[in-house]
Amino acid sequence: MELKDKTILITGSTDGVGRVVAERLGAGGARVLVHGRDEGRGKATVAAIEAKGGKAELLLADLASLAEVRRLAEAVRARTDRLDILINNAGVGTGGQGAKRQASADGYELRFAVNYLAGFLLTSELLPLLKASTPARIVNVASAGQQAIDFDDVMLTHGYSGVRAYCQSKLAQILFTIDLAEQLDGTGITVNALHPASYMDTTMVRQAGVTPWNLVETGADAILNLATSPALERRSGLYFDGQRESRADAQAYDGKARRQLRALSLELTGQSSATSREKNS
């Protein structure tokens, strides 16, 4: 894909693999909308992109708040009338051994809120821009760590562990990917998900108490493959392990589970089914 004149939003792009992806896309000629929570890291990322001749702008938002997710979408719309690629990369890790259950600003289990619900809402809010830019792509950065969603206790009020919460939220991203790909069939927007690489040298991995054994560049290569490879034009609803097409947990291919998650997500983010159908039409 030719990156010149393309506008790309990458959530969680002031650190780790997201920053590497942002810098590479900027070096390739794209206009990069850098997202993060920390202004210092954000400005440093923008400066690094601009130092190599790229174009970048910083958008600050805490994705643990749905109100801030909406403000982020509003800020994107205020800055551009098109969006060629959306990469939902921001996330919260397992928290390591003995991680305690945490709640988002809206009272939802934190990992489900940040890793999944924020991307669900942001994508919904930005679909009109993506449709105005077709062919466009959505990339959801998930994980090989996946656990089936317990619809009787999605917020994990019983038997909580950080690993379980993280794995459930990442599988939710993949269910969303497949579901949205079906809804957007024929629109010119593709949606794919991936596990970029295992235990990359990132803050998230180190905070989990794990010794990294993969380079962030490996994960960046995999993300960029989904975002820009000509081989993936018009291919949608797929899950990749690195750069290899793969299969996710069985629940991802359960249509009933995907519909159940969609209905729950619309309810939790305060969207009606009618509004969602209108955005996706």
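In helix α1, the residues Gly16, Val17, Gly18, Val20, Val21, Ala22, Glu23, Leu25 and Gly26 are buried in this predicted model. Helix α1 is thus described as mostly covered, with 9 of its 12 residues buried. The cover comes from several parts of the chain: the buried residues of α1 pack against strands β1 (7-10), β2 (31-36) and β4 (85-88), and against helices α2 (39-51) and α7 (216-228).

The length of α1 can be checked against the rise of a helix. This helix runs over residues 16-27, and its 12 residues should span 16 Å at 1.5 Å a residue; the end C-alpha atoms are 17 Å apart, which agrees. After α1 comes Gly29, a residue with a positive phi, near 110°.

A second helix to consider is α5, which covers residues 162-183. It has 22 residues, and the distance from its first C-alpha to its last is 32 Å, close to the 32 Å expected at 1.5 Å a residue. Of these 22 residues, 19 are buried, so α5 is largely enclosed by the rest of the structure.

One neighbour of α5 is helix α4, made of residues 110-131; the axes of the two helices come within 7 Å and cross at roughly 20°. Because angles under 35 degrees count as roughly parallel, that crossing makes α4 roughly parallel to α5. The crossing of α4 past α5 is right-handed.

The residues that form this contact can be named on both sides. From α4 come Arg111, Phe112, Asn115, Tyr116, Gly119, Phe120 and Thr123, and they meet Gly162, Ala165, Tyr166, Gln168, Ser169, Lys170, Ala172, Gln173, Phe176 and Leu180 of α5. Sorted by class, the contact of α4 with α5 contains 8 nonpolar, 7 polar and 2 charged residues.

The last stop is a loop residue. Leu232 is found in the loop between α7 and β7 (238-241), where α7 is one of the elements against which the buried residues of α1 pack. Although it belongs to a loop, Leu232 counts as buried, because its relative accessibility is 4% and the limit for buried is under 20%. Leaving aside residues up to four places away in sequence, Leu232 touches Arg137, Asn225, Leu226, Leu238 and Phe240. Gln146 lies 86 residues from Leu232 along the chain, and the C-alpha atoms of these two residues are separated by 24 Å.

Conventions: Residues numbered from 1 in each chain as written. Predicted model: local features only at pLDDT ≥ 70, side-chain atom pairs only at ≥ 80, totals over all residues. Heavy atoms only, no water. Axes fitted to C-alpha atoms, helices over the stretch in contact; angles between N-to-C directions. Helix = DSSP H or I, 4+ residues; strand = E, 2+ residues; numbered from the N terminus. Parallel < 35°, antiparallel > 145°, perpendicular 65-115°, else oblique. Left-handed = near helix turned anticlockwise from the far one by under 90°. Contact = heavy atoms within 4.5 Å. Nonpolar A, V, L, I, M, F, W, Y, C, P; charged D, E, K, R; others polar. Expected span 1.5 Å × (residues − 1). Buried < 20%, exposed > 50% of the residue type's maximum accessible area, 1.4 Å probe, protein only.
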